[in-house]
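Work through the exercises below with the model open beside you. Each task is followed by a solution in steps.

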Amino acid sequence: MQKIVSDPKIMMGKPVISGTRITVELILEKLAAGETSQQILEAHPRLSDEGIKAALAFAC
């Protein structure tokens, strides 16, 4: 299953975690601001640890 998807109908085509409206950009911004993976997961229950890892891999 593809974890990162981009669809012009969802979040203006920004890359998002599959099955959510959570953008890769949002995850990276939160991590850069010092939030932990656990804090991000608590704030976004539909997100998984795998989704965070996929966002990091996508950024590389």
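**Exercise 1. Locate Met11 and Met12 and describe their backbone and exposure.**

Step 1. Met11 lies in the loop between strand E1 (4-5) and strand E2 (16-17), and Met12 lies in that loop between E1 and E2 too. Helices (H or I, at least four residues) and strands (E, at least two) are DSSP runs, numbered from the N terminus. This is a predicted model, in which local features need pLDDT of at least 70, side-chain atom pairs count only at pLDDT 80 or more, and totals for chains, interfaces and linings use all residues. Residues are numbered from 1 along each chain as its sequence is written, and side-chain values use heavy atoms, with hydrogens and water left out.

Step 2. Phi of Met11 is near 50°, a positive value in a residue other than glycine. Met12 is not a glycine either, and its phi is positive at about 55°.

Step 3. Buried means under 20% relative accessible area, exposed over 50%, and partly exposed in between (1.4 Å probe, protein chains only). Met11, at 29%, is therefore partly exposed, and Met12, at 76%, is exposed.

**Exercise 2. Which residues form the largest nonpolar core, and which helices supply them?**

Step 1. A nonpolar core is a set of buried Ala, Val, Leu, Ile, Met, Phe, Trp, Tyr and Cys residues joined through side-chain atoms within 4.5 Å. The largest one has eleven residues: Ile4, Ile17, Ile22, Val24, Ile27, Ile40, Leu41, Leu47, Ile52, Ala54 and Ala55.

Step 2. H1, helix H2 (37-43) and helix H3 (49-59) each give at least two residues to this core. H3 has the largest share, three residues.

Step 3. Take Leu47 as one of the members. Leaving aside neighbours within four places in sequence, Leu47 is in contact (heavy atoms within 4.5 Å) with Ile17, Ile22, Ile27, Ile40, Leu41 and Ile52.

**Exercise 3. At what angle do H1 and H3 pack, and which residues meet?**

Step 1. The angle is about 95° and the axes are 9 Å apart. H1 is roughly perpendicular to H3, because 65 to 115 degrees counts as such, against under 35 for roughly parallel, over 145 for roughly antiparallel and oblique for the rest. Axes are lines fitted to C-alpha atoms, for helices over the stretch in contact, and angles run from 0 to 180 degrees between N-to-C directions.

Step 2. From H1, Val24, Ile27, Leu28 and Leu31 meet Gly51, Ile52, Ala55, Leu56, Phe58 and Ala59 in H3.

Step 3. Leu56 of helix H3 touches Leu28 and Leu31, not counting residues up to four places away in sequence. Leu56 is partly exposed at 39% relative accessibility.

**Exercise 4. How many salt bridges are there, and where do Glu50, Glu25 and Lys30 find their partners?**

Step 1. A salt bridge is a side-chain nitrogen of Lys or Arg within 4 Å of a carboxyl oxygen of Asp or Glu. The whole structure has four.

Step 2. Glu50 pairs with Lys3, the closest N and O atoms being 3.8 Å apart. Glu50 is in helix H3 and Lys3 in the segment before E1, 47 residues apart. Glu50 is exposed at 51%, whereas Lys3 is buried at 18%.

Step 3. Glu25 pairs with Lys14 at 3.0 Å between the closest N and O atoms. Glu25 lies in helix H1 and Lys14 in the loop between E1 and E2, so the pair ties together parts eleven residues apart in sequence.

Step 4. Lys30, in helix H1 (residues 24-32), pairs with Glu35, with 3.6 Å between the closest N and O atoms. Lys30 is buried at 17%, and Glu35 is partly exposed at 26%.
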